Structure formats: C-alpha cells, structure tokens
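Trainee: I would like to learn how to read a model of this kind, one feature at a time. Could you take me through it, giving the idea before the case?

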Amino acid sequence: MPRDLDARVFVFACRIVDLFELLYPQGGAARAVGYQLLDCGTSVGANYEEAGAGQSKADFIARLAIARKESREALFWLRLIHAKGFLPPASLLPDISEARQLTAILRAIIVKARSSPRRG
C-alpha cells in the first residue's frame with residue numbers, strides 16, 4: 001500500500017471497486033452487500049478529497065469525520081463479506097487491515113485539527 005494518504009484512499013477505492021466486481025455476479029445477498037461496500041468504500045476518498053478544499057476549519061473537520069464514518073462502515077461490510085464467505089479471506093484481509101488503518105489515521109487527523117488553532 002502507498003504511504004501517502006492521498007494515494008492510499010484512492011487505491012482503497014480502486015480495490016473496493018474490484019471487490020464489488022467479484023461480488024456482483026454472485027447475485028442475492030452478495031450483490032446487495034457489494035452495493036453497500038461500493039458506496040461507503042469509495043466515499044472515503046471522495047470525502048477526504050473534499051476536506052482538502054474545506055471552506056473553513058469546521059468544514060474540513062466535518063468532511064474528515066464523514067470519511068472516517070465511511071471507513072468504519074466499509075470495515076463492517078468487509079467483515080461481513082469475510083464472515084459469510086462471499087469471497088476468499090486472502091482477497092479481503094488486506095482491505096480489512098487498510099480500512100482499520102484509514103479509520104485510525106483519519107481519527108488522528110480530526111483530533112489534531114480540532115486541537116489546532118490554525119486553518120480557519
């Protein structure tokens with residue numbers, strides 16, 4: 001995984017799209033869960049990008065908080081996919097780890113931004 005957060009959230013979104021493509025042909029519950037994962041997993045990066053263009057400190061923090069919530073939701077769906085055996089564990093474990101790491105990183109940025117007198 002790339003170390004740069006911009007790249008990490010983009011690569012995460014790309015991997016989520018790839019997982020969706022694997023889930024979709026299975027139909028039924030796998031497809032429904034896939035749509036949920038696709039929505040939140042790609043939203044992490046979109047909201048992270050929007051945070052960079054925040055109009056105020058509050059807007060910056062709010063967008064990052066949404067990205068963090070979406071990352072936590074993606075983690076839930078990834079864990080469910082794993083638990084239900086929709087995909088082989090080897091194809092999910094790196095993404096489960098990355099979702100956990102992104103959640104922690106975003107949380108740390110939010111905490112630091114809230115305590116900083118800078119940016120708006």
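Mentor: We will go through a helix, its cap, the cysteines, one buried residue and the salt bridges. Please keep in mind throughout that this is a predicted model.

Trainee: Let us begin with the helix: how many residues does α1 have, and what span does it reach?

Mentor: The idea is to compare the end-to-end reach with the one expected at 1.5 Å a residue. Helix α1, residues 5-23, has 19 residues and reaches 27 Å from its first C-alpha to its last, which is close to the expected 27 Å.

Trainee: Which residues of α1 are buried?

Mentor: A residue is called buried when its relative accessible area is under 20%. In α1 this applies to Leu5, Arg8, Val9, Phe12, Ala13, Ile16, Leu19, Phe20 and Leu23. These residues cover an arc of only 135° around the axis, so they lie on the same side of α1. On the other side of the helix, Phe10 and Glu21 are exposed. The cover over the buried residues of α1 includes α2 (28-52), α3 (57-84) and α4 (89-115).

Trainee: Which residue caps the N-terminal end of α1?

Mentor: For a cap, one looks for a side-chain atom placed by the backbone at the helix end; here Asp4 does the capping, with a side-chain oxygen 2.9 Å from the backbone nitrogen of Asp6.

Trainee: How many disulfides does the structure hold?

Mentor: The test is a distance between two cysteine sulfur atoms, which must be within 2.5 Å. The structure holds 0 disulfides. The closest cysteine sulfur to that of Cys14 belongs to Cys40 and is 15 Å away, which is too far for a bond. Seen from the other partner, Cys40 is likewise in no disulfide, its nearest cysteine sulfur being that of Cys14.

Trainee: Are these cysteines buried or partly exposed?

Mentor: Cys14, with 32% relative accessibility, counts as partly exposed, whereas Cys40, at 1%, counts as buried.

Trainee: Where is Ala67 found, and what does it touch?

Mentor: For a buried residue it helps to list the contacts, leaving out sequence neighbours up to four places away. Ala67 is found in helix α3, and its relative accessibility of 0% makes it count as buried. With those neighbours left out, Ala67 touches Val44, Asn47, Tyr48 and Leu106. As a further distance, the C-alpha atoms of Ala67 and Thr42 are separated by 9.6 Å, although the two residues are 25 apart along the chain.

Trainee: How many salt bridges are there, by the rule used here?

Mentor: The rule asks for a side-chain nitrogen of Lys or Arg within 4 Å of a carboxyl oxygen of Asp or Glu, and by it the count comes to 2. One of them joins the side chains of Arg8 and Glu98, at 2.8 Å from N to O. Because Arg8 lies in helix α1 and Glu98 in helix α4, this pair ties together parts that are 90 residues apart in sequence. Arg8 is buried, with a relative accessible area of 9%, and Glu98 is buried as well, with 2%.

Trainee: How is the salt bridge of Arg15 and Asp95 made?

Mentor: The side chains of Arg15 and Asp95 meet at 2.7 Å, N to O. This pair links distant parts of the chain, with Arg15 in helix α1 and Asp95 in helix α4, 80 residues apart. Arg15 is partly exposed, with a relative accessible area of 28%, while Asp95, at 0% relative accessibility, counts as buried.

Definitions and conventions:
Residues are numbered from 1 along each chain as its sequence is written. This is a predicted model: local features need pLDDT of at least 70, side-chain atom pairs count only at pLDDT 80 or more; totals for chains, interfaces and linings use all residues. Side-chain values use heavy atoms; hydrogens and water are left out. Helices (H or I, at least four residues) and strands (E, at least two) are DSSP runs, numbered from the N terminus. The expected span of a helix is 1.5 Å times one less than its number of residues. Buried means under 20% relative accessible area, exposed over 50%, partly exposed in between (1.4 Å probe, protein chains only). The arc is that of the directions from the helix axis to the C-beta atoms. Contact means heavy atoms within 4.5 Å. A polar contact is a pair of N or O atoms within 3.5 Å; within protein, one must be able to donate a hydrogen and the other to accept it, and residues adjacent in sequence count only if both atoms are side-chain atoms.
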